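Trainee: I have a new model open on my screen and would like to learn how to read it. Could you walk me through it, one feature at a time?

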Amino acid sequence: MLFSSIRRAAVPAIAMLAAVVAGFALVLAQATTPAPPAGQTPGDLGFTDTPMLPGIPWHVHDPARPHPPVVTPAATPGGAPSDALVLFDGRDLAKWAQHGPKDEIQPPKWPVRDGYFEVGPKTGALYTRDSFGSVQLHIEWASPTPPAGNSQGRGNSGVLFMGLYEIQVLDTFNNPTYADGQAGAIYGQWPPLANVARKPGEWNVYDIVFEAPAFDNGKLVTPAHQTVFWNGVMVHNRKEVMGPMIYRDVASYKTPHPAELPLMLQDHSNPVRYRNVWIRRLGAYDRPEQR
Ligand code: MG
């Protein structure tokens with residue numbers, strides 16, 4: 001009897017205390033959370049009464065956190081988004097050059113045909129006129145058909161970031177060769193996780209994220225990393241690169257190089273075709289002004 005009357009008395013007291021606490025929390029939230037625009041409710045644009053995220057100056061759901069830049073995607077899958085630098089759109093090689101005998105810049109000799117361009121065998125490598133560091137690259141390629149040669153002599157070319165770090169291009173459809181030299185390989189280092197080769201003459205797609213190495217005072221600080229999707233299949237997942245491409249030797253970062261260098265496509269004497277090439281410099285978290 002005594003206990004139940006105490007309980008009866010305590011219930012309104014607890015309810016009142018809860019109401020006071022809730023009211024106080026509401027006042028606090030209203031004081032620290034931005035007022036919503038018309039048609040929205042508190043919290044739509046974020047909160048400042050939330051915990052801080054570790055190591056960065058933002059609350060969880062912070063309304064002041066910078067928003068990423070708006071990028072308009074291509075109308076069709078594989079097309080260049082609005083912030084990409086289009087390196088080849090099917091028409092000309094204006095964004096590319098070749099090097100003469102004294103390393104002078106020359107207009108490309110590689111032929112452009114019906115929406116694609118082709119390696120000009122023995123004319124030398126093709127370089128972008130611009131230099132790049134860390135990038136996302138989209139590039140499509142097709143091996144010659146009918147196929148000619150075998151192993152490294154069949155449909156060999158390559159995509160060399162900074163002119164140094166190769167993702168191999170090779171006709172790897174029923175063409176045995178060493179694993180770290182097949183298409184999709186980080187040449188001489190890591191075979192791709194799968195062989196996703198299409199038949200000669202059919203278009204393959206590479207979507208590659210290349211992270212440039214960093215040097216400080218002539219010493220390597222961060223090695224390069226490569227992430228590769230080949231025809232939509234992940235074949236390298238942020239794989240650490242041992243060093244610039246080298247044949248029959250162990251790659252290493254012997255020589256420091258600039259932070260940005262031209263992208264290169266390899267002339268390995270085989271008429272490999274390329275089309276739909278675009279590139280984006282990598283962005284940085286919370287720094288929408290970068291790029
Ligand atoms: Mg090659």
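**Reading the strands, the loops and the backbone**

Mentor: Gladly! Let's start with a strand pair: β5, residues 126-132, runs antiparallel to β14, and four bridges join the two. Within that pair, Tyr-127 has Met-264 of β14 as its bridge partner. Do keep in mind that this is a predicted model.

Trainee: Thanks. Before we go further, how many helices and strands does the protein have?

Mentor: The secondary structure comes to one helix and 15 strands. The protein has 291 residues, and 26% of them count as buried. Of the contacts with a separation of 6 or more, 58% are between residues 24 or more positions apart.

Trainee: Back to the strands, then. In which order do the strands of the open sheet lie?

Mentor: To read a sheet, follow the pairings from one strand to the next. Here the open sheet has six strands in the order β3-β2-β5-β14-β7-β8, with antiparallel pairing. Its edge strands are β3 (105-106) and β8 (165-169), each of which pairs on one side only.

Trainee: Can we walk through some of those neighbours?

Mentor: Of course. Strand β2, residues 96-99, pairs with β5 over two bridges in the antiparallel sense, and Trp-96 stands opposite Thr-128 in β5. β2 also pairs with β3, again antiparallel and over two bridges; there, Gln-98 has Gln-106 of β3 as its bridge partner. Towards β8, five bridges make up the antiparallel pairing of β7 and β8, with Leu-160 partnered by Glu-166 in β8.

Trainee: How many residues lie between the strands in the hairpin of β2 and β3?

Mentor: There are five residues between those strands, and Asp-103 in this hairpin takes a positive phi near 70°. The hairpin of β7 and β8 has three residues between its strands, and Met-162 takes a positive phi near 60° there.

Trainee: You called β8 an edge strand. Is β8 enclosed by the rest of the structure or exposed?

Mentor: For that, look at burial along the strand. Five of the five residues of β8 are buried, so β8 is largely enclosed by the rest of the structure.

Trainee: And how do I tell the two sides of a strand apart?

Mentor: In a regular strand, side chains alternate between the two faces of the sheet. In β8, Tyr-165, Ile-167 and Val-169 are on one side, Glu-166 and Gln-168 are on the other, and all of them are buried. Both faces of β8 are thus covered.

Trainee: Which strands pair with β15?

Mentor: Let's take them by partner. Three bridges join β1 to β15, residues 273-281, and the two run antiparallel; Val-86 has Trp-278 of β15 as its bridge partner. Strand β4, residues 117-118, pairs with β15 in the antiparallel sense over two bridges, with Glu-118 opposite Arg-273. β6 pairs with β15 as well, antiparallel and over seven bridges, and here Gln-136 stands opposite Arg-280.

Trainee: Now the backbone angles. Where is the cis peptide bond?

Mentor: Look for an omega near 0°: the bond from Thr-145 to Pro-146 is cis by that reading. Pro-146 lies in the loop between β6 (135-142) and β7 (157-161).

Trainee: Which arginines have a positive phi?

Mentor: Arg-238 has a positive phi of about 45° although it is not a glycine, and so does Arg-248, at about 60°. Arg-238 sits in strand β13, residues 233-240, while Arg-248 is in the loop between β13 and β14 (261-265).

Trainee: Why does Arg-238 count as exposed?

Mentor: Count the neighbours: a residue is exposed if 12 or fewer other C-beta atoms lie within 10 Å of its own. Arg-238 has 10 C-beta neighbours inside 10 Å, so Arg-238 counts as exposed. Arg-248 is exposed too, with 5 other C-beta atoms within 10 Å.

Trainee: One more arginine, please. Where is Arg-65 found, and which residues does it touch?

Mentor: Arg-65 is in the loop between α1 (2-32) and β1 (85-88). Leaving out residues up to four places away in sequence, Arg-65 touches Trp-58 and Asp-286. With 15 C-beta neighbours inside 10 Å, Arg-65 counts as partly exposed. The C-alpha atoms of Arg-65 and Gly-46 are separated by 9.2 Å, and the two residues are 19 apart along the chain.

Note on methods. Residues numbered from 1 in each chain as written. Predicted model: local features only at pLDDT ≥ 70, side-chain atom pairs only at ≥ 80, totals over all residues. Buried ≥ 20, exposed ≤ 12 C-beta atoms within 10 Å, placed from the backbone. Pairing = 2+ DSSP bridges. Contact = placed C-beta atoms within 7 Å.
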